[in-house]
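Colleague: Please walk me through the pockets, cavities and strand pairing here. Take each feature in turn.

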Amino acid sequence: MSSAALTFPSSFTFGVATSAYQVEGGIENDWAEWERLGKLKEPHARCGIAVDHWRRYAEDYALAKAVGATAFRLSLEWARIEPERGRFDGAVLEGYRERLLKLRAMGLRPVVTLHHFTHPTWFHASTPWHLPESLEAFRQYVRRCAPLLEGLDALVISFNEPMVLLLGGYLQGLMPPGIADGAKTMAALGNMVRAHVIAREELGQHLGRVELGISQNMLAFAPDRWWHPLDRSLVRLAAPAYNHAFHEALSSGHLRVFMPGVASTDVRIEGARDSVEFVGVNYYTRAHLRFMPRPPFIDFKYRDPDGRGLTDIGWEQRPEGFLQLLQEVKRYGKPVWVTENGIDDRKGTVRPEYLHAHLRQVLAAREAGVDVQGYLYWSLLDNFEWLEGWGPRFGLYHVDFDTLERRPTPACDYFRAVATGRVLVSPGSGTAQPSAAR
């Protein structure tokens with residue numbers, strides 16, 4: 001790449017990402033119940049106080065500023081806001097408004113996720129996603145959230161990784177609500193697309209124009225056995241279903257998933273056509289798919305064919321897959337935001353090279369005509385990593401989970417050098433400036 005191609009324009013946004021349940025602490029929701037049922041990798045692990053971000057938010061915003069970030073992704077926690085159905089906590093709503101205003105005052109653009117996996121404890125029993133009652137429940141929640149965003153020029157994400165929630169929670173039963181039913185999975189998928197349309201309606205009524213999209217986990221796929229026709233067929237089916245079904249529904253209004261023997265749907269959703277202002281991409285790895293002769297017929301494997309080494313969570317490092325997927329979403333004709341990208345690096349030594357390799361793909365995508373406008377690193381802080389509990393460490397900042405002290409990893413210097421210098425320097429090139437985070 002030429003020196004010009006290694007430069008980020010002044011309009012490009014560098015930011016960091018978090019989610020409420022993983023960092024705030026003190027939240028009672030469906031995930032807290034799941035933990036008490038012993039459903040995590042470590043059955044006794046609990047999120048509990050998390051990393052106490054609810055109280056330490058100003059300190060954490062300063063850490064984001066110190067690495068050159070100008071955007072901060074957070075989520076609103078539905079269970080805090082509506083702990084009992086129909087009872088909205090005014091003090092919590094004021095607390096979120098205060099936090100959002102503080103972001104703006106510190107020069108950080110809010111990127112606000114309305115739904116990041118979790119639900120109030122009453123939701124799955126009263127208004128689960130596979131029933132139409134879920135739509136009115138979500139409407140009332142978004143209606144109360146809309147005023148929090150007034151005057152903030154926030155980027156808004158209706159749903160984080162809806163396909164992860166649906167596959168994990170509705171098809172495999174591995175996360176709340178613990179259902180394993182293909183028909184209910186597809187009903188829930190349709191209703192979540194409708195819920196996005198509802199969010200657009202409610203936010204529009206209160207705020208006027210709003211920059212709204214979703215944050216979709218996208219995987220590069222490959223056949224586990226390149227020579228096996230069924231493995232290759234799985235890739236041809238899984239890639240459009242997993243990576244693009246939700247994006248496509250919000251572009252064309254047509255929701256279509258075809259996974260024979262697993263789950264399928266083909267329906268038009270009123271109001272879904274052209275219902276986003278941007279496309280959000282979360283990218284971490286590539287999955288190799290192997291056909292199994294029994295339901296659910298698909299086995300996911302993570303290989304290391306290029307010898308880069310798997311990440312500490314066991315995922316392949318495949319930056320080329322990032323470029324591939326960024327080029328694929330160009331078809332939707334919308335600005336693109338990388339809403340998550342990061343690595344579980346428990347020693348903190350690999351992350352600068354990972355950042356360099358993946359930011360290089362962002363620049364390559366831009367050179368190929370993809371309108372990538374921002375990159376949000378996952379995550380600002382080490383945090384509670386869902387089913388994996390306290391093992392993984394994705395943070396730019398290392399968190400001592402006993403004392404909750406935040407300490408910069410080597411990636412802080414590197415991220416700051418690129419974010420403030422606007423040039424993709426190599427790690428250890430000597431051009432990085434000392435981090436103000438120390």
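Modeller: α10 and β6 each supply at least two residues of the lining of the second largest pocket. Helices (H or I, at least four residues) and strands (E, at least two) are DSSP runs, numbered from the N terminus. The model is predicted: local features need pLDDT of at least 70, side-chain atom pairs count only at pLDDT 80 or more, and totals for chains, interfaces and linings use all residues. Residues are numbered from 1 along each chain as its sequence is written, and side-chain values use heavy atoms, with hydrogens and water left out.

Colleague: How is a pocket told from a cavity?

Modeller: Rolling a probe the size of a water molecule over the atoms shows where empty space is left. On a 1 Å grid over the protein atoms alone, a cavity is a set of points where a 1.4 Å probe fits but cannot get out. A pocket is an open set with protein on both sides within 12 Å along at least five of seven lines. Lining residues have an atom within 4 Å of a point. Grid points are joined across faces, edges and corners, and a volume is the space filled by probe spheres set on the points.

Colleague: What volume does the second largest pocket have, and which residues lie closest to its centre?

Modeller: Its volume is about 190 Å³. Of its 13 lining residues, Pro240, Ala241, Ala245, Arg256 and Val257 are closest to the centre. α10 gives the largest share, 7 residues. The lining has 7 nonpolar, 2 polar and 4 charged residues. Ala, Val, Leu, Ile, Met, Phe, Trp, Tyr, Cys and Pro count as nonpolar, Asp, Glu, Lys and Arg as charged, and the others, Gly among them, as polar.

Colleague: And the largest pocket: how much space lies in it?

Modeller: About 1,400 Å³. The lining has 45 residues, with Val164, Gly168, Gln172, Tyr242 and Tyr302 closest to the centre. α8 (162-171) supplies at least two of them, as do other elements including α10 (229-252), β6 (254-259) and β8. The largest share, 6 residues, comes from α8. By class, the count is 31 nonpolar, 8 polar and 6 charged.

Colleague: Now β8. Is this strand mostly covered or open?

Modeller: Buried means under 20% relative accessible area, exposed over 50%, partly exposed in between (1.4 Å probe, protein chains only). In β8 (residues 279-291), 11 of the 13 residues are buried, and the strand is mostly covered.

Colleague: Which strands does β8 run parallel to?

Modeller: Two strands pair if DSSP finds at least two bridges between them. β5 (residues 211-223) and β8 run parallel, joined by 8 bridges. There, Gln216 has Val281 as its bridge partner. β10 (residues 336-341) also runs parallel to β8, over 5 bridges. Gly280 stands opposite Trp337.

Colleague: Where is the antiparallel pairing?

Modeller: Between β8 and β9 (residues 298-301), over 4 bridges. His288 stands opposite Lys301. These two strands form a hairpin with 6 residues between them, and Phe297 in the turn has a positive phi of about 75°.

Colleague: How many cavities are found?

Modeller: The search of the whole structure gives 2 cavities of 30 Å³ or more. The largest holds about 60 Å³. It is lined by 13 residues, with Glu24, His53, Leu74, Ser75 and Tyr96 nearest its centre. The second largest has about 30 Å³. Its lining includes Tyr284, Thr285 and Trp315.
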